[in-house]
Amino acid sequence: MRMTKEEIEEQTRDEEIISFPQQQKKLVVVGYALTSKKTKSFLQPKLEGVARNKGILFVAIDQNRPLSDQGPFDIVLHKLTGKEWRQILEDYRQTHPEVTVLDPPDAIQHLHNRQSMLQCVADMNLSNSYGTVDVPRQLVIESDASSIPDVVMKAGLTLPLVAKPLVADGSAKSHELSLAYDQYSLKKLEPPLVLQEFVNHGGVLFKVYIVGEAIKVVRRFSLPDVTKQELSKIAGVFRFPRVSCAAASADDADLDPSIAELPPRPLLERLAKELRRQLGLRLFNLDIIREHGTRDHFYVIDINYFPGYGKMPEYEQIFTDFLLSLSQSQYKKKSS
């Protein structure tokens, strides 16, 4: 059973003098508003244990009570959808500027539409000695599936095409994707959706987790490459589940080094820094692929807010260090 704030404060009061850093004088209270599924995957016992040792307490936000009546919180962590919740958070941010809300609801909304999601990457022109980062050519289809073949032909997109739901709200459905191999099968797709040119990438993608300024990269198996021979023989639409999430880790697989090599760290740091600035977010991840046959040509194919950090190695230490750094920067602001 989860302890109350008062119980933990009483238990920790004597310990904190000995074990907490000098700058960390009080309990950091993190109010969280997450779905039950997200709570289970993120708020694992090990995370709560590490947090307690660092003086961090996670407190569930009661959605049936006014947010301002709860707390006081130092940080609000959330991943809920809906206009009503967004308005509640915006009002709370205005009346409680001393509380860090992770992250601003308007900024998160930008990632809920796959049309706008990748635009900031496309506008970056991120190219240096470490490589180039692009986005696949894509097309938004709002309605009328029967017109898709003509629209695709006029846009000059090359088959096969990856079809993704236009809305990326974190639901299971929003992560489903299809691969369309021929013009006729495009009519079978269900708008609204985004069509992306499929880029051969050796069947491996890189999940780049970002927590504030921390970056962690893991390999995941992805869709296999499509050869010209296969393209001439295969027809239809093939549906896939949540590929990058459901797939097994590729970190320990015996892969061709040219496929397995992680993207250069300086390139990822520059990309993450620019995205943090443009998106106004601190908790997100990128799905990145390397074009097969190249060493330094990368594509960002998806950006997700508050991803499944429970699958990120060492997430307990990284996340709690991040929360502490936020609390300490708050303290410095109040003191200055």
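Guide: Two strands pair if DSSP finds at least two bridges between them. The structure above is a predicted model, and its chain has 13 helices and 15 strands.

Visitor: Which strands stand at the edges of the open sheet of 4 strands?
Guide: The order in this sheet is E2-E1-E3-E4, with parallel pairing. A strand at the edge has a single partner strand, so one side of it is left without a neighbour in the sheet. The strands in that position are E2 (56-60) and E4 (100-102).

Visitor: What does the twist average from one strand to the next?
Guide: The question concerns the open sheet with the order E2-E1-E3-E4. From each strand to the next, the average twist is 25°.

Visitor: Over how many bridges do E1 and E2 pair?
Guide: Strand E1 covers residues 28-34 and pairs with E2 in the parallel sense. Within this pairing, leucine 57 of E2 stands opposite valine 29. The number of bridges between E1 and E2 is 5.

Visitor: At about what angle does helix H4 run to E3?
Guide: Helix H4, residues 83-95, lies across E1, E3 (75-79) and E4. Relative to E3, the direction of H4 is at about 165°.

Visitor: Is serine 68 buried or exposed, or partly exposed?
Guide: Serine 68 is found in the loop between E2 and E3. Leaving aside neighbours within four places in sequence, serine 68 is in contact with Tyr92, Thr95 and His96. Buried means under 20% relative accessible area and exposed means over 50%. At 42%, serine 68 therefore counts as partly exposed.

Visitor: Which residues of strand E6 point to one face and are buried?
Guide: In a regular strand the side chains alternate between the two faces of the sheet. Strand E6, residues 131-134, shows this alternation, with Thr132 and Asp134 pointing to one face and not buried. Those that point to the other face and are buried are Gly131 and Val133.

Visitor: What is the bridge partner of serine 127 in E6?
Guide: Strand E5 (residues 126-128) and E6 pair in the antiparallel sense over 3 bridges. These strands form a hairpin with 2 residues between them. The partner of serine 127 in E6 is threonine 132.

Visitor: Which residue in E15 stands opposite valine 133?
Guide: E6 also pairs with E15, in the parallel sense and over 3 bridges. In E15, the residue opposite valine 133 is phenylalanine 298.

Visitor: Is histidine 201 buried or exposed?
Guide: Histidine 201 lies in the loop between strand E10 (193-197) and E11. Apart from neighbours within four places in sequence, histidine 201 has contacts that include Ser222, Asp225 and His292. Its relative accessibility is 6%, and because the cut-off is 20%, histidine 201 counts as buried.

Visitor: How many Å from the backbone oxygen of valine 199 does a polar atom of the side chain of histidine 201 lie?
Guide: The pair joins a backbone atom of valine 199 to a side-chain atom of histidine 201. The distance between these atoms is 2.7 Å.

Visitor: Which helix gives the largest share of the largest nonpolar core?
Guide: This core has 60 residues, and Phe42, Phe58, Leu77, Ile303 and Tyr309 touch the most other members. The largest share is 7 residues, from helix H13.

Visitor: How many residues does the other core have?
Guide: The other core lies apart from the largest one. Its members include Ile141, Ala145, Val152 and Ala180, and the total is 13.

Visitor: How many residues apart in sequence are the parts that the pair of tyrosine 209 and tyrosine 309 ties together?
Guide: The ring centres of tyrosine 209 and tyrosine 309 are 6.0 Å apart and the planes stand at 45°, so the pair is tilted. Both tyrosines are buried. Tyrosine 209 lies in strand E11 and tyrosine 309 in the loop between E15 and H13, so the separation of these parts in sequence is 100 residues.

Visitor: What are the centre to centre distance and the angle between the planes for tyrosine 309 and phenylalanine 319?
Guide: Tyrosine 309 and phenylalanine 319 are both buried, and their aromatic pair is edge-to-face. Tyrosine 309 lies in the loop between E15 and H13, while phenylalanine 319 lies in helix H13. The distance and angle are 5.5 Å and 65°.

Technical notes. Residues numbered from 1 in each chain as written. Predicted model: local features only at pLDDT ≥ 70, side-chain atom pairs only at ≥ 80, totals over all residues. Heavy atoms only, no water. Core = buried A, V, L, I, M, F, W, Y, C linked by side-chain atoms within 4.5 Å. Buried < 20%, exposed > 50% of the residue type's maximum accessible area, 1.4 Å probe, protein only. Phe/Tyr/Trp six-rings, centres within 6.5 Å; stacked < 30°, edge-to-face > 60°. Polar contact = N/O pair within 3.5 Å; in protein donor to acceptor, adjacent residues only side chain to side chain. Contact = heavy atoms within 4.5 Å. Axes fitted to C-alpha atoms, helices over the stretch in contact; angles between N-to-C directions.
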